[in-house]
Each structure stands twice: as C-alpha cells, then as structure tokens.
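Welcome to a short set of exercises, each with a worked solution. Have your viewer ready and try each task before reading on.

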Amino acid sequence: MGPRPGLPDVRPAALDVVRTTLPLVAPFATATGTEAVREVLLVRARDRDGHEGWGECGALSHPGYTGEWVDGAEAVLRGFLLPAALEGRPASVTGHPMASAAVAAAVLDLRLAVAGRDLPSWLGAVRDRVPAGVAVGVAASVDALVSEVAGHVAAGYQRVKLKVRPGWDVEPVRAVRATWPDLSLGVDANGSYREGDVGLARLDGLGLAEIEQPLPADDLVGSAAVARRLATPVCLDESVTSLGTLEAALALGALDHLNLKPARVGGLEPAVAVLDRAAAAGVPVWVGGMLATGVGKAVDVALAALPGVTLPGDLPASRRWFERDLTEPWELLPDGTLPVRPRGPVTLP
Ligand code: MG
C-alpha cells in the first residue's frame, strides 16, 4: 500500500523468503483438497538500521483453492517479485496475487516499523475487537462434525462456516442446524457445484446466513442465476480477484455478500479498494482467512476493523489451527471476538 501521510517511503535493503512448517491441530478438508500441515511461506523485509517487516503468503500446499501453491509462490517470489521490489520497479507479473500480497505486506510492515506506527491505527481501524468465526472442514461422519462444532461453540465461537461439496451438504448441515437452531451458520462450497445441482436448492431453507462460492470462480453468470433462485444470500470468494471482477459480479447480480481476503486480491491496498467499492454498492462484506499464522492474521484482523466490513467472518483464534503460533497468539475474548492489536514480534520455530 502506498504510504499514507506520515509513513516513510522505505525501500528494503534485503528481502528474503522464509519457510517453515507448522503442524495443524487437525487436517482441514475442503471440496478442493486436504491440508495436513501448514507450509508457511513468509517474506521478510529489512533495512540497514535493524528494522524488519513480515508478510505471509496465503497460498496452501496444493493449488486447489486457486492456482497458487506454496512451492509455486516461492518460485515466483525468488525469480521475479523480490528482485523487482529490491530494485523498486514493478514486477510485471501476471497473476500470483498471494505471492504479491506477501511482498506488499512485508514492505508495508517495514515502513510501519521505521515510522513506529502500528497497522490497525495507521489503516484506520474503527473497532478494538472483531467478531471471530470458525471454518469447519468436511468431516469423517455427521456425528464427527457435530462433535467438532460442539467444541467450537463451547470455545465461544458464535459464527460457524461448514465446508460442503456435492454428497456432503444437506445431511451434515441439517444436523448442525438442528443442534444449534440459533447459531450463525454459513456454508462454503469452494466452487464445487454446477448451476442446476439439486444440492443447492436443498440447502436453501436451512436458515443459512449464506452459501459461499457455490459455483466455479469464473461462472459469474451461473452465480447470478443461483442468486436469483435461492432465498439464501450468495457470497463470493474465489470469483472476486480484483476490482474488475467485482464490477462484473455487481453488474450481473452474481453476489449478495463478499468474502474479502487481502491474499486473494493481491494485498491490503487492492483489498481496501475492493472493500470501498463493495460498500458503495451496498454489498455486505466480511474478511476471510487462509489458515494464517499471526503474521497474516494481523493484516486480516486490521482489515476487518474497517467501517465497511459489516458481517462476522471466519477469522479464528490462533489455537484453531496451531498449538504454537509464530506471534503472540490471538485468543478468543469472552464475547466471541478477537482483539484488534499490533502483531508484535515474529518468532520462528
Ligand atoms: Mg471460501
């Protein structure tokens, strides 16, 4: 993000890729793959005075959520994005928003460190806490799912999102809904349905807050047809990669809600532009996470504290994914929120 007033335009003296692996508390299965561990890909920016900045790449191990994955992101960082950023020139790289977002986040973090500023206040956060939420993967059985959700509800989560796919949808969702009639409950299909699939119609009427990304990312016309047909709001995630794709989705009526992820749109600056446009169009927005460590979560939480974000998202406490985070862990507050605060130091395992 270009420096706002008061932030020096620092060019890093060094930019490194830092990789580590954190065990996940449990594997996470979606319609597009299973993550067994978190392969963490970070960018570290340093100046000559001992300041450093960190950015986390959202890419997963497998290119299922989008086309990016950790090894590919590392290659594009080393080969193109970091050399360009060191020289202070545009990288002229098409695609790879998650890798690009990590560079931008590291450079911004360095600038904030030089200026002695913290991200939430600099960005313009208007809340000191944001609603937490939890995404629950495809489970081995309906009973196992209900048991897992029970753990999250007991921990204090007030917003739960279930991963669904054809064949794992109505029965598990109905079981969770029957157990917690008042829970704020959404589902996320990660693009696994086709427009006429009966599963979508059967999910309608279960009191869901939304159905996220029912159709493949590029099927905006189909998404508009689904949005017209279902009473349940349609939320887009993978489809909205830029301001341009948001404009297309708005023009077609392809979304009722937006899941905004800085990683998916190339960083905080484009994310704020997308947020502003969605808010101006009257589309409710929430901020979604990418199995982030505290490095990525700090950015997500700060974004979620901006005024245009009006829905609870799926940003969980650190322990949802990790026994030990890379930063001071984000803990769930008694009211089911996460604190909006500076990230603090990064400690590698
Ligand atoms: Mg999603």
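**Exercise 1.** Leaving aside its neighbours within four places in sequence, which residues is T327 in contact with?

*Solution.* A note on the material: this is a predicted model, in which local features need pLDDT of at least 70 and side-chain atom pairs count only at pLDDT 80 or more, while totals for chains, interfaces and linings use all residues. Residues are numbered from 1 along each chain as its sequence is written, and side-chain values use heavy atoms, with hydrogens and water left out.

Step 1: find T327 in the loop between α11 (294-304) and β12 (337-339); helices (H or I, at least four residues) and strands (E, at least two) are DSSP runs, numbered from the N terminus.
Step 2: apply the contact criterion, heavy atoms within 4.5 Å. With neighbours within four places in sequence set aside, T327 is in contact with G294, V295, R343, P345 and V346.
Step 3: check accessibility. T327 has a relative accessible area of 7%, so T327 is buried (under 20% relative accessible area; exposed is over 50%, partly exposed in between, with a 1.4 Å probe and protein chains only).

**Exercise 2.** Identify the residues that coordinate the magnesium ion, and place them in the chain.

*Solution.*
Step 1: collect the donors, which are N, O and S atoms within 2.8 Å of the metal (3.2 Å for Na, K and Ca); water is not among the atoms, so sites may look incomplete. The search returns D188 (OD), E212 (OE) and D237 (OD), at 2.1 to 2.3 Å.
Step 2: write the spacing in sequence, D-x23-E-x24-D. E212 in strand β8 (residues 211-212) and D237 in the loop between β9 (234-236) and α8 (243-252) are 25 residues apart, a pair that links distant parts of the chain.
Step 3: look at burial. E212 is buried, at a relative accessible area of 0%, and D237 is also buried, at 0%.

**Exercise 3.** Where is N190 found, and what does N190 touch?

*Solution.*
Step 1: go to the loop between β7 (184-188) and α6 (198-203), which holds N190.
Step 2: skip residues up to four places away in sequence; N190 then touches T30, A31, T32, Y65, K163, E212, Q213 and E238. One of these contacts, E212, is also a magnesium donor.
Step 3: at 8% relative accessibility, N190 counts as buried.
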